[in-house]
Amino acid sequence: MASAIYITSGTAAATGADFPLSSGTSRLFYCKPALGSNESLTLDIKNADGTYTQVGTLANSGNQAGTVTATGAGASTFRVSRSTVSPAKTVYFD
């Protein structure tokens, strides 16, 4: 599968669009250029009431890529956020 842009290039903190995953499926996320010190991608899961709960850090300078895997009984909806970065970075997914 070819990489696709999830969050366009920029330096400001940004949150990508919701994406659903069926149980047992995965999606890999990473930045180019690589994340630097104090930069990260975080993962949120969408609750039934439409709010979000932060799951944790998906990627950072020590771990440049992160995989989201849905493990529940059915589809789950997620979103990924990029912290403030310098220089500008694009978030991709496979």
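These are my notebook entries on the salt bridges, the nonpolar core and one sheet of this predicted model.

**Entry 1, salt bridges.** I looked up the charged side-chain pairs and found a count of three salt bridges. I began with K46 and D18, whose side chains meet with an N to O distance of 3.2 Å. I then placed the two partners and noted that they come from distant parts of the chain, 28 residues apart, with K46 in strand β5 (residues 40-46) and D18 in the loop between β2 (14-15) and β3 (19-21). I checked the accessibility of each partner: K46 is partly exposed at a relative accessible area of 35%, and D18 is likewise partly exposed, at 34%.

**Entry 2, K89 and E39.** I next turned to the salt bridge between the side chains of K89 and E39, for which I noted 3.1 Å from N to O. This pair also links distant parts of the chain, since K89 lies in strand β9 (residues 89-93) and E39 in the loop between β4 (26-32) and β5, with their positions 50 residues apart. Here I recorded both K89 and E39 as buried.

**Entry 3, R79 and D44.** For the salt bridge of R79 with D44, I noted that the closest N and O atoms are 3.0 Å apart. Both partners sit in strands, R79 in β8 (residues 76-82) and D44 in β5, and they are 35 residues apart. Their burial I had to enter separately: R79, with a relative accessible area of 22%, is partly exposed, whereas D44, at 8%, counts as buried, because the cut-off for buried is under 20%.

**Entry 4, the core.** I looked up the largest nonpolar core, which holds 18 residues, and listed Y6, F19, F29, L41, V68 and V80 as those that touch the most other members. Two or more residues each are given to this core by β1 (4-10), β3, β4, β5, β6 (52-60), β8 and β9. I followed L41 further and, leaving aside neighbours within four places in sequence, found it in contact with residues including F29, Y30, C31, L58, V80 and V91.

**Entry 5, the sheet.** I traced an open sheet of four strands in the order β1-β9-β4-β7, with antiparallel pairing. Strands β1 and β7 (65-69) stand at the edges, each with a single partner strand, so one side of each has no neighbour in the sheet. On average, neighbouring strands of this sheet are turned by 15° against each other, with direction ignored. I also looked at β4 and β7, which pair in the antiparallel sense over five bridges, and noted that R27 stands opposite V68 in β7; V68 is one of the core residues listed in Entry 4.

Methods. Residues are numbered from 1 along each chain as its sequence is written. This is a predicted model: local features need pLDDT of at least 70, side-chain atom pairs count only at pLDDT 80 or more; totals for chains, interfaces and linings use all residues. Side-chain values use heavy atoms; hydrogens and water are left out. A salt bridge is a side-chain nitrogen of Lys or Arg within 4 Å of a carboxyl oxygen of Asp or Glu. Buried means under 20% relative accessible area, exposed over 50%, partly exposed in between (1.4 Å probe, protein chains only). A nonpolar core is a set of buried Ala, Val, Leu, Ile, Met, Phe, Trp, Tyr and Cys residues joined through side-chain atoms within 4.5 Å. Contact means heavy atoms within 4.5 Å. Two strands pair if DSSP finds at least two bridges between them. Axes are lines fitted to C-alpha atoms, for helices over the stretch in contact, and angles run from 0 to 180 degrees between N-to-C directions.
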